Amino acid sequence: MQSNPKKHWRSLAELDGSPEFKDLVAKEFPGLADQDIGEMDGVTRRRFLQVMGASMALAGATSCRWEAEEILPLTSRPENRVPGKALHYASALQRSGHGVGVTLTSYDGRPIKVEGNPNDPISGGSTDVFAQAEILSFYDPDRSRTPLQGGVATDFAAFDAFWDAHIKGLKGTKGAGMAFLAEPSGSPTDSFLQTQALKSLKSARWFEYEPVSRDNELEGARLAFGDAYRTQYNLAAAKVVVSFDGDLFTSHPAQLKHNRDWAAARQPNAESMGRMYTVESRFTTDGGMADHRVPMRSGDVPVFLALVEAFLAEDHSLALDGGVDRADLPKAHAATDAAAQKVAKAIAKDLANNSGRSVLAAGPNQSAEVHARIHHLNAKLGNVGRTVTYTEEPAAKRPTHAQAMRDLVAAISAGEVNTLVIIEGNAAYDAPADVDFKAALAKVEHTVHLSLYANETSALCGWHLPRAHAFEAWGDAMAWDGTHLIGQPTIAPLWGARSFGEFMATMIGGNMPAADKMIAKVARVTGKDWRKAVHDGVAPKSLLKAKTPALKAPSSFRPVGAGDAMEITFSADTKVLDGRFANSAWLQELPDFMTKLTWDNVAMIAPATAKKLGIEIPVGSTANEASLLSVTVDGKSATLPVYIMPGQAKDSIALAFGYGRTRAGVIGGWDGEGDQVDPVGVDVYPLRKAGVFVAAGSVKPTPGKYPLAMTQEHHLMDPIGMAGVAERTGVLLREENLEEFDPKANDHFRHAVHHPKLESLWEEKSYEGNAWGLSIDLGACNGCNACVVACQAENNIPTVGKTQVIHGREMHWMRIDRYFAGDMDAPEMGAQPVNCQQCEMAPCEQVCPVAATTHSDDGLNDMVYNRCVGTRYCANNCPFKVRRFNYLNFHKEFKDPHNEVAKLGFNPEVTVRSRGVMEKCTYCVQRINEKKIEAKNAGRPIADGSIVTACAQACPPQAIVFGDKADPTSAVSKLHNNPRAYEMLAELNLKPRNSFLAKIRNPHPDLAMAAPTDETTSHEGGH
Amino acid sequence: MFGNVFPAWTTKVRDLLPIALGGGGLYVATIVTFGFSAETINVGFQPDQPVAYSHKLHAGELGIDCRYCHNTVDRGAKAAIPPTQTCMNCHDKIWTDRATLEPVRQSMETGEPIHWNRVHDLPDYAFFNHSAHVTRGVGCVECHGRVDQMDVVRQVEPLSMGWCLDCHRNPEPRLRPPSEVTNMTWKPEDEKAPGTTWTPEDQKALGAALREARDINPPVTACSACHR
């Protein structure tokens, strides 16, 4: 395979091979020497010595013993509670009306970690980044703590006094003039309460709004079937998946299941390995996972779909009524050029050959017509009932979110609303540009906003009430497939807060049953079954019935594609979503899986578009300096930094919502009382009209530069960076096409790199007993970042802020290297998670002057924080660049009494590191020790699979497996002996404990193209 | 020439300076070595407690097993100070009007925990697990001393890292049958067969047998066993 390896590259600067880039690689901590040293700014040597002298003097004055501690035992300890021992509770989160089943780890009554609930068929035990980051949001000191009246803190008693009287009046008029604006809820109990409340308030109106909705999907089903149905994909049974404007693995509410199922279908095996095609404008996970990705403007995607249809009709007699002949499709068009024709022909061939074993899916940005057409195609190809099934759609009856917002504002303008109750959401920030919600809100006499944060909308409401977090109240939710998830409270509200149910009860009156009784009633379970449902987090009865809807006759489908204007696409951000997570430092600092960008949103443009606009690729020392671009849609403009994204469709600009918040908090931006905080990123909602995802606009480069904090060129393990070893250093991410892959050729990838016989400079140790190891399947990894946040939550990893990220000081123990291969206009993508490889012959240990990093008996590379004196030699000597240094005290802000609550979220099993200390992945040694002690106490061996690292637990496609390599029957041992297994930089005789499974791609034989080769890393002869 | 600059008495100072510097250095070294050692600072630490609870009375004279109150010691990392409820199991029947028990009754009534002062306080970066030790047969008395003779609990061992490692390197002399872990008066001789004499060889054999039986291999060089 290595005779003709693909050239891998991480950024356009690297592809360019500029001298500045080579210089950057040579530096361990780029930009360090030529910058100030952070908070020591302005401190002179003299002042420093004064401070030091004073602290030495004080040291003598304090007591000899450290601070005395108190122990406060409970007055009576609940059953099964062992102080200091974690308990796990099932809970349910909601996002955009879709339930997420989670399991909470609770220490001494404090939830500290979120995991997926294995009983939730969507989660299967895994989570996405948002669920992992929920702990930080839960302990967010900026969460609303008291009710506000006109922005002034008050209490619930004051609100109740007003509300009780007000509701009495409203009930007298059957709720005339009352309206609700709620974000969609996936809770059947919430719906029940809503119905109850509206019984006595018959004239009240209920509106649901969500800025980034899946309404096109619903409308598409209505077009195809006459009614809305929910599509359920079974990717495990699929052999061919075609994704139109990526969604399946990216933003779909069932993406965890999709990732897991598809990873199973992608086992490299000539008979059954699945193949994926993606046609999209923005580079999504779907595109990253695709064997063939065609970048194309979102507006042109329907034309490509028609082209595939035309080939199905022409080559395979699978014509669909209303289709268009190939000859009648738009000519000289990006969606019908020679390259597109070739791919469309191959897709048609694959679809025809895999009848009943394919899946076609369209993203929420595609129009209802495209969705409808996809339903018809899935039926035509025999997929319905096999890989594609349908269930009821709980939102079938409601109008679209865009329409609901228009209706509400119209009702207010007509003077029909004098009381507006807003449940969660943030319409003042995210309402469409063509609907003036803020002006309408000002006209309403009584406004009440129940939400977790006092946000932009709360600021404009008469009353704001803090809402109880899902961890603080009983709750339930519906998973995408209809599973009824049950969530129990794990902690009393940190501050006074009301749940949705408690708030609705103030309108219903009478004796309301307790929240848990109500959920049990809605779930129709009692007694023991209820206890089991609470324990499992799942009620036995599914909420959605399976359906086999009949298709209507297809209407004519003659797409013409996007016009000549620049296309602007909108989507929820991959990190802060529609803006709701803007105050989560973990998510803000998370490098986006494609751009590796933190703390900002950008206008993503294709390299070709950049050329056209005269924007240069920033390289070298100015790599962080982005050009600015003014984007205009219908007369509204926003100026954003430019990110030149390989694989972005030409003439299409991708923008992400969720930034530019002004009432998020000290992380996301704050312009209210107290210290002002600049918003993170730029708000692009003002450019977007109701329900629009793809718009025509114009762009103009603007003078000036803007610094972006990207991590893609940090911590490089680059062949060119290692002087003189270019010839013997193979690529780090190894891959092969299925055709070439020989499952019988063992160690094939291990021998990809030629090296002389390995000899050690010092005595090699051997390890007895357990040998912990990790295996990462690069074929399954899609770079989704769940492991990165899971690691951060488990190991008390701090965030450092944008400036420090620019200096290369981010602290993530796990990073995901994203590689591109091939042409910069349409590259392939590969992701490689890199944590400490726990080398048996660890080079970091050899250079530590104080033995702060040493090996344990079971071969772990331990890091002893208290011994570390901060020389950073170890980081310098680590070829994987996985060591992180605490340049500053990143936990300093927790000393502020307002922020102290955030300390409750720390994992008490892991030391919180201070300034001047090196740290790195420990293989979650606290979890190893816990299980080891449990097993030894019981006098039994440690069962394989009982120790799960945080990254492995979170991983949606289950690409990460942890276990004992010394046990030949363990899962990790078997993976270690997999024909795809290899170790990174094994030629340096490091004996890493991590192994990777090479990525196998499965291109269509008709589309096999010669990959561009890289002369420096190819080696003659091969194996 | 220098004589003009420095007065005559400085000659004496110059002569005494090496002695002062040497002596001072030695003094500082001695103070630091012995004054700051765990034995000096930690052993004998005996803070006052909010309730005049006597281990001497309860564990010693009444013979209540350690695990009646510290009932998580063999299940979790922490031996755990018992909840107020544990006190009240007996004291809502006996000594119900004693003034010394007022804080306990008050805690039970109000739900406010009693603020006990921690005696055995390891640094926060050391993660000790009680269950890993007591289930292997390391007696309470090895680390906590004769608690059954203390009215107010006091620290008797330094609990320093060197002290931990002494035992981790050579656990045999500190092992006992797991059934005897809470026995404050157990001696290895108690294990001898009736009518035989106890020899140092027997002692060694007992330690080795106990170690073998429970597969005891305490981590010695694994920093992450206690620091993570």
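## A buried glutamine in β10

Let's start with A:Gln232, which is buried, its relative accessible area being 11%. That figure falls under the 20% limit for a buried residue. Do keep in mind that this is a predicted model. The glutamine belongs to strand β10 of chain A, which covers residues 229-233.

What does A:Gln232 touch beyond its close neighbours in sequence? Once residues within four places are set aside, its contacts are A:Thr387, A:Val388, A:Thr389, A:Thr391, A:Trp480 and A:Asp481. Take A:Thr389 from that list: 157 residues separate it from A:Gln232 in sequence, yet the two C-alpha atoms sit 5.1 Å apart in space.

## The chain as a whole

Chain A has 1023 residues, and 60% of them are buried. Its secondary structure amounts to 28 helices and 44 strands. Of the contacts in chain A with a separation of 6 or more, 76% are between residues 24 or more positions apart.

As for the outside, the accessible surface of chain A is about 38,800 Å², and carbon and sulfur atoms account for 53% of that.

## A threonine with no exposure

Now for A:Thr598, in strand β24 (residues 597-598) of chain A. Is this threonine buried or exposed? Its relative accessibility is 0%, so A:Thr598 counts as buried.

Neighbours within four places aside, A:Thr598 makes contact with A:Lys575, A:Gln588, A:Glu589, A:Leu590, A:Pro591, A:Ala709, A:Thr711 and A:Val805.

## Helix α18 and its packing

Helix α18 of chain A runs over residues 515-523, and its buried residues are A:Asp516, A:Met518, A:Ile519, A:Ala520 and A:Ala523. In an α-helix there are 3.6 residues a turn, so residues three or four places apart point the same way.

Which elements do the buried residues of α18(A) pack against? In chain A, their partners are the helices α6 (188-200) and α19 (527-536), along with the strands β19 (475-478), β20 (484-487) and β21 (538-539). Just past the end of α18(A) comes A:Arg524, with a positive phi of about 55°.

## A positive patch on the surface

Over on the surface, four lysines make up a positive patch: A:Lys174, A:Lys199, A:Lys202 and A:Lys521.

Have a look at A:Lys174 in particular. This lysine is in the chain A loop that links α5 (156-172) to β8 (178-182). It counts as partly exposed because its relative accessibility is 45%, and that class covers values between the 20% and 50% limits.

Technical notes:
Residues numbered from 1 in each chain as written. Chains lettered and ligands numbered in written order. Predicted model: local features only at pLDDT ≥ 70, side-chain atom pairs only at ≥ 80, totals over all residues. Heavy atoms only, no water. Patch = residues over 30% accessible without salt bridge, like charges linked within 9 Å, V, L, I, M, F, W, Y side chains within 5 Å. Areas by Shrake-Rupley, 256 points an atom, 1.4 Å probe, with all protein chains shown as cover. Salt bridge = Lys/Arg side-chain N within 4 Å of Asp/Glu carboxyl O. Lys, Arg positive; Asp, Glu negative; His and termini not counted. Charge placed at Lys NZ, Arg CZ, Asp CG, Glu CD. Helix = DSSP H or I, 4+ residues; strand = E, 2+ residues; numbered from the N terminus. Buried < 20%, exposed > 50% of the residue type's maximum accessible area, 1.4 Å probe, protein only. Contact = heavy atoms within 4.5 Å.
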